[in-house]
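The following exercises are to be worked with the sequence and the model at hand. Each task is followed by a stepwise solution.

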Amino acid sequence: MITPAFISRTLHKAWQRKGLLSTALLPLSLPVLAATAYKRRRYQRRPDLVYHSRLPVVVVGNIYLGGTGKTPVVIALIKALQERGWRPGVISRGYGVKVGDQARAGTGNLAATEFGDEPALIARTTMVPVSVHPSRVLAIKRLQKSYPEVNIVIADDGLQHLVLGRDIEIVVQDARGIGNGRVMPAGPLREPASRLQSVDYLISNLHDDLTPPAGIASMARQLSMRLTPDTVTHLVTGASLDWASWHARHGAGPISAVAAIGQPERFFSMLRAAGITLDRACELPDHDPYETSPFTDLTSPHILITPKDAVKCERFNDPRLWVVHPVPTFSDPDWLDSMDQMLRFIAAKKQTMAAQRGKH
C-alpha cells in the first residue's frame, strides 16, 4: 500500500544522492533558486521592510524539508533561558491551523486545533506564552502586546521568513545533513546549502550510533544532540514515571509505538536503543490531525507516543497510551551559556538604542 509516509521515505532516500530522479528534476529547482535569491536581495536592499522587535529574537529553523528535530531544541532553549532568569515567549506559524486575520496568543494547556500541535506542545511543556500566525510579524506584535513581561522571543521555525528581523539563528539538521545539496524538488533543501554559512549555531540531531554529517565551512558553532527517554506519562491519568521505572514495570512488552512526526523512525530508534522491543511501529504523516484513532488496530497493552502527538490524542481516552518525553544531551554543553551571554549583550544594545531614539 502506497501511503504518504512511504512516498516521503522514497523521496528522502532519493534526495541523498544525485541520481537519475534528482537530475531529471533539476530544471524545476531553478525557479526555486531564483525566487530564493530574489527574496534575499530584496530584503538586503530594502532593510526598511524588515521588522525589528525591541526584544532579542532567536530563530530556530532548518533548510531541510521535513522534520529535523527543531522542537526539542526550542524546548531545551526555553528551559535553559528560564533557568538563567529570562522570560521567553514563542512565535510560530501554527501549521495546519486557520488562524484568521489576527494572531492568536495564549499560554498553558492550549488546544492543538487552535494553535497547532508543536506550539501547543511547547506551551504545555514550558508554560511560556505562545503566539501563532503565518505572519511572524503579526505573531510577535500580538505576543508583545498580550504578554509585556516577555523579554526574549523564540521563533519556532521561520528561518526563511526574512521580513522578521532576528538576532541569532539556530539551524537544526540530522544525520542526512544537506542530502545531495540540491534545492527542491531535485533535492531536500528549502534554500541553497550556502545559507548555513551565515547562521550562528548548527545543531545535528542524531540517534543510535549515527555520526554527524560532514562539517561545513561556516562561522557557526557546530554541535550534536542526542535524545534519550527521560520520563513517561500515562495520557489518561497523568501519572508519570521516570524511564527506568517505566521500563522495569512495562518494558517486557508487547509494546507498540505510533508517531506522526517528520522522521518517525528517529522516535522508534530511540526506543529500541533504550531497550524496547517494538511489536508494531506505526508511521503517520507529519502533523497528522488524528481525526480517527490509529490505535484501534493495535493489540499491544502498552502504546508509546510522542509528546507532539499526545496533544491530539487525549480525546481517545485510550488507557494504553503512554507519552515518552525525551531529554537532549549536547556534545557542547556550554553552548547555552554562550547563547545567554550573546543575548544579554544584544538586549543591552537594543535598550540603549531605544533610549537614544526616545531622546530625539
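**Exercise 1. Determine whether helix α8 is enclosed or open, and identify the residues responsible.**

Step 1. The model is a predicted one. Helix α8 spans residues 264-273, and 7 of its 10 residues are buried, so the helix is largely enclosed by the rest of the structure.

Step 2. The buried positions of α8 are P264, R266, F267, F268, S269, M270 and L271.

Step 3. Just after α8, G275 adopts a positive phi of about 100 degrees.

**Exercise 2. Establish which residues of the largest nonpolar core touch the most other members.**

Step 1. This core comprises 59 residues, and those touching the most other members are I154, I170, F267 and L271. The greatest contribution to this core comes from helix α3 (residues 70-83), with 8 residues.

Step 2. Two of these names, F267 and L271, were also listed among the buried residues of α8. In soluble globular proteins, nonpolar side chains tend to be buried together.

Step 3. Leaving aside residues up to four places away in sequence, L271 is in contact with W243, A257, I276, L278, L304 and V324.

Step 4. Another core lies apart from the largest one; it has 23 residues, including I63, V150, L196 and A220.

**Exercise 3. Describe the surroundings of S131 and the partners of its side chain.**

Step 1. S131 belongs to strand β4, which covers residues 130-132.

Step 2. Is S131 buried or exposed? Its relative accessible area is 0%, under the 20% limit, and therefore S131 is buried.

Step 3. The side chain of S131 reaches the backbone oxygen of A139 at 2.8 Å. A polar atom of the S131 side chain also lies 3.5 Å from the backbone oxygen of R104.

Step 4. Both R104 and A139 appear among the residues touched by S131, together with V90, I91, S92, A103, A105, R142 and L143, when residues up to four places away in sequence are not counted.

**Exercise 4. Characterise the second largest pocket by volume, lining and residue class.**

Step 1. The second largest pocket holds about 510 Å³ of space.

Step 2. Its lining consists of 21 residues, and V50, H52, G165, R166 and D167 lie nearest the centre.

Step 3. Helices α2 (20-45) and α10 (335-358) each supply at least two lining residues. The largest share of the lining comes from α10, with 6 residues.

Step 4. Sorted by class, the lining has 9 charged, 8 nonpolar and 4 polar residues.

Terms used. Residues numbered from 1 in each chain as written. Predicted model: local features only at pLDDT ≥ 70, side-chain atom pairs only at ≥ 80, totals over all residues. Heavy atoms only, no water. Helix = DSSP H or I, 4+ residues; strand = E, 2+ residues; numbered from the N terminus. Buried < 20%, exposed > 50% of the residue type's maximum accessible area, 1.4 Å probe, protein only. Polar contact = N/O pair within 3.5 Å; in protein donor to acceptor, adjacent residues only side chain to side chain. Contact = heavy atoms within 4.5 Å. 1 Å grid on protein atoms, 1.4 Å probe; cavity = no way out; pocket = protein on both sides within 12 Å on 5 of 7 lines; lining within 4 Å. Points joined across faces, edges and corners; volume = space filled by probe spheres on them. Nonpolar A, V, L, I, M, F, W, Y, C, P; charged D, E, K, R; others polar. Core = buried A, V, L, I, M, F, W, Y, C linked by side-chain atoms within 4.5 Å.
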